[in-house]
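Welcome to a short tour of a structure you can follow on your own screen. We will look at empty spaces first and then at how two chains meet.

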Amino acid sequence: MHPVGAASGVGVGAAAEQAWNAAALACPVRAPAWRLWVYREPAVVLGCSQRAQAALAPAAGLEILVRDSGGGAVLVGPWMLGLSAVLPGAHPLVAGGTLAGYRWLGVAIALALLRIGVSAEAVEKNRLALCDLAVSGEHSVAAVRRDWACFGSLSPWEVVARGRKIAGLAQRRQRHGVLLAAGVLLQAPPWVLLCERLGMARSEALRLAQASTSCAEELPDVELASLSSALKRSLHEAVETALA
Amino acid sequence: MSDVMRDVVLPAEAWRDVEPGTEALLDKWLVREGDFVKAGQVIGAVVVVKARLDVEAPLDGRVDKLLVPADGTFKPGQVLVRLSA
């Protein structure tokens, strides 16, 4: 049996992504499967515990969706490559607990970025405080707690380049399996769109720009196809190595 | 005969390797005090380090007390809900 399920490929759009994620966990996961996501239209994807913000936002404007995993708001659009991966709960890549689930995916994404020339690394938990200070430039507790936006803070095994976040992770664990979701920045997002949609101060857009980076900012002429291929290779290798 | 009480905590696996001092969020309760639940029923959801996990009833019984409110935070080992069977 091939270790990666048949439901692998590239999908389009935030709504389709959330629907795929829900369907993937609607019944027991028998084998790892994953899908990459591209977004032709911008949209805001809130973490599950931010659902109240969706009700508070004005009706008109960018589409707002709520995902079934935690974390801060994500501004998806043509500047991002998304990734969904589902695994059985007993799979060696995720059976070690919540952080173990993040570790393999963060490392796989960092390896893919390295393969296309972006100097990236997945950040271990014991280095988080240092990195948070580095990206925020502030030495205060508040600097590491402003996590309303995914790319405004760092969590264990998320991916950075030059100390700035380039890929964010989130997770959903339930009896049918484990879903891991990731977003890799291809280009610098228009952060002001996110701030305006959620009623945040425009100064937050500058902070998000300073805390994050993208493939295009790290390496000119990065192609989506190159990153997609590198990600597929890294995912296959991670799954096959775990089962070896 | 008195009821058997059962305290429900988030399994230790969810906290494995998590930085000491980290707290989790009680995202949502799907039951109310007084409700009857079945073993394995999903009765709530929590968020730990951006991961959403279900809280399942370990036995058939009645929800005696929700000890962490929705949107409240809790620490490893803290009792989330007390069931009586």
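A cavity here is a set of grid points where a 1.4 Å probe fits but cannot get out. With that in mind, the largest cavity of this predicted model has a volume of about 260 Å³. The tour then goes on to a pocket and to the interface of chain B and chain A.

**The cavities**

- The structure holds three cavities of 30 Å³ or more.
- In the largest cavity, the lining counts 23 residues, and those nearest the centre are A:Glu17, A:Arg67, A:Val74, A:Ala181 and A:Ala182.
- Four elements of chain A each give two or more residues to this lining: helix H1 (14–24), strand E5 (74–76), E9 and E10.
- Of these, E9(A) gives the most, with five residues.
- By class, the lining of the largest cavity has twelve nonpolar, six polar and five charged residues.

**The second largest pocket**

- The volume of the second largest pocket is about 400 Å³.
- If you want to find its centre, look for B:Pro11, B:Glu13, B:Leu53, B:Asp54 and B:Glu56, the closest of the 19 lining residues.
- Both chains take part: chain A gives two or more residues from each of strand E9 (164–174) and strand E10 (177–185), while chain B does so from strand E1 (5–8), helix H1 (12–15) and strand E5 (51–56).
- Which element supplies the largest share of this lining? That is E5(B), with four residues.
- Nine of the lining residues are nonpolar, three are polar and seven are charged.

**Where chain B meets chain A**

- The contact involves 27 residues of chain A and 21 residues of chain B.
- Together the two chains bury about 1800 Å², and carbon and sulfur atoms give 44% of that area.
- On the side of chain B, the trio B:Val49, B:Lys50 and B:Arg52 supplies 39% of the area that chain B buries against chain A, more than any other three residues.

**Charged and polar links across the interface**

- Six salt bridges are counted between chain B and chain A.
- One salt bridge joins the side chains of B:Arg52 and A:Asp68, at 2.4 Å from N to O.
- There are also 17 residue pairs in polar contact across the interface, with both residues at pLDDT 80 or more.
- The elements of chain B that each supply at least two residues to the side touching chain A are H1, strand E2 (24–29), strand E4 (42–48) and E5.
- E5(B) again stands out, since the largest share of that side, five residues, comes from E5(B).
- The side of chain B that touches chain A divides into ten charged, nine nonpolar and two polar residues.

Notes
Residues numbered from 1 in each chain as written. Chains lettered and ligands numbered in written order. Predicted model: local features only at pLDDT ≥ 70, side-chain atom pairs only at ≥ 80, totals over all residues. Heavy atoms only, no water. 1 Å grid on protein atoms, 1.4 Å probe; cavity = no way out; pocket = protein on both sides within 12 Å on 5 of 7 lines; lining within 4 Å. Points joined across faces, edges and corners; volume = space filled by probe spheres on them. Nonpolar A, V, L, I, M, F, W, Y, C, P; charged D, E, K, R; others polar. Contact = heavy atoms within 4.5 Å. Buried area = accessible area lost by both parts, 1.4 Å probe. Salt bridge = Lys/Arg side-chain N within 4 Å of Asp/Glu carboxyl O. Polar contact = N/O pair within 3.5 Å; in protein donor to acceptor, adjacent residues only side chain to side chain.
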